[in-house]
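Me: I've got a structure open and want a quick walk through it. Can you take my questions as they come?

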Amino acid sequence: MFFFIRRRRRKRKPLTAEQAAEVERLRIQAKAALPPRLAELAARHGFTYNQVRIKHNVSNWGSCSELGNINLNLSIMRLPEHLRDYVMLHELCHLRYLNHGPEFHALLESICPDHRALARELKGYRLI
Ligand SMILES: [Zn+2]
């Protein structure tokens, strides 16, 4: 039941011409800015991923697959820089733990001590 309510609420409304133009502008920015920054953060903290892709979906800021592929939402470009980094660090930690269990949080805490405050701050932003 909950599943269906969630799916219905999150269905994408058709974009206006203005929104579509904004999405394309963000996509270009995201493709230029996010992969190098992800590579930098991964190198700094000793993570290895397979591929990074820029996506546009209405359900998450980022995701990580068991094959080590990271997807980043182009809406990340609308976030302040410290929240962009938080989203990327969060996804990098999923390379080791594909869940939000205690080990995942311990790892995230070790590289991003203020992650709880950042997660709260991120809730103030919307995906487009
Ligand atoms: Zn997560």
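Reply: Sure. One term up front: a residue is exposed if 12 or fewer other C-beta atoms lie within 10 Å of its own, and buried if there are 20 or more. Also, this is a predicted model.

Me: OK, let's use that. Is Ala106 buried or exposed?
Reply: Ala106 counts as exposed, because it has 11 C-beta neighbours inside 10 Å.

Me: Where does Ala106 sit?
Reply: Ala106 is in helix H4, which covers residues 102-111. From Ala106 to Ala33 is 28 Å, C-alpha to C-alpha. The two are 73 residues apart in sequence.

Me: And Glu109, which element is that in?
Reply: Glu109 is in helix H4. Glu109 counts as partly exposed, because it has 13 C-beta neighbours inside 10 Å. Its C-alpha is 21 Å from that of Gly68, with their positions 41 residues apart in sequence.

Me: Let's zoom out. How many helices and strands are there in the protein?
Reply: Five helices and three strands. Along the sequence the pattern reads α-α-β-β-β-α-α-α.

Me: What is the radius of gyration, and what would a compact globule have?
Reply: The protein has 15 Å. A compact globule with 128 residues would have a radius near 14 Å, so the value agrees. The C-alpha atoms fill a box of roughly 40 × 40 × 30 Å along the principal axes.

Me: What share of the residues counts as buried?
Reply: 22% of the 128 residues.

Me: And the contacts, how many of them link residues far apart in sequence?
Reply: Take the contacts with a separation of 6 or more. Residues 24 or more positions apart account for 55% of those.

Me: Now the sheet. In what order do the strands come?
Reply: The order is E1-E3-E2, in an open sheet of three strands with mixed pairing. E1 and E2 are the edge strands, each pairing on one side only. E2 covers residues 62-64. On average, neighbouring strands are turned by 15 degrees against each other, direction ignored.

Me: Which way do E1 and E3 run, parallel or antiparallel?
Reply: E1 and E3 run parallel and are joined by four bridges. Ile54 has Leu72 in E3 as its bridge partner. Arg53 stands opposite Asn71 in E3.

Me: What about E2 and E3, parallel or antiparallel?
Reply: Antiparallel, over three bridges. The bridge partner of Gly62 in E3 is Leu72. So Leu72 turns up in both pairings: Ile54 is its partner in one, and Gly62 in the other.

Me: How many residues sit between the strands in the hairpin of E2 and E3?
Reply: Five. In that hairpin Gly68 takes a positive phi, near 85 degrees.

Me: Which helices pack on these strands?
Reply: H2 lies across E1 and E3 and runs at about 150 degrees to E1. H3 packs on the sheet too, touching E2 and E3. The direction of H3 makes about 15 degrees with that of E2.

Me: Next, the core. How many residues are in the largest nonpolar core?
Reply: 21 residues. Those with the most contacts inside this core are Ala30, Leu34, Leu72, Ile76 and Leu89. H2, E1 (52-55), E3 (70-73) and H3 (81-93) each supply at least two residues.

Me: Which element gives the most to this core?
Reply: H3, with six residues.

Me: Ala30 is on that list. Where is Ala30 found?
Reply: In helix H2, residues 17-45. Ala30 is buried, because 22 other C-beta atoms lie within 10 Å.

Me: What does Ala30 touch?
Reply: Leaving out residues up to four places away in sequence, Ala30 touches Ile54, Leu72, Leu74, Ile76 and Met77. Take Leu74: its C-alpha is 5.6 Å from that of Ala30, yet the two are 44 residues apart in sequence.

Me: And what does Leu89 touch?
Reply: Leu89 touches Leu41, Leu108, Ile111 and Cys112, again not counting residues up to four places away in sequence.

Me: Last one. Back to the start: which of my residues were buried, partly exposed or exposed?
Reply: Ala30 is buried. Glu109 is partly exposed. Ala106 is exposed.

Key:
Residues numbered from 1 in each chain as written. Predicted model: local features only at pLDDT ≥ 70, side-chain atom pairs only at ≥ 80, totals over all residues. Contact = placed C-beta atoms within 7 Å. Core = buried A, V, L, I, M, F, W, Y, C linked by C-beta atoms within 7 Å. Pairing = 2+ DSSP bridges. Axes fitted to C-alpha atoms, helices over the stretch in contact; angles between N-to-C directions. Rg over C-alpha atoms; globule rule 2.2 N^0.38 Å.
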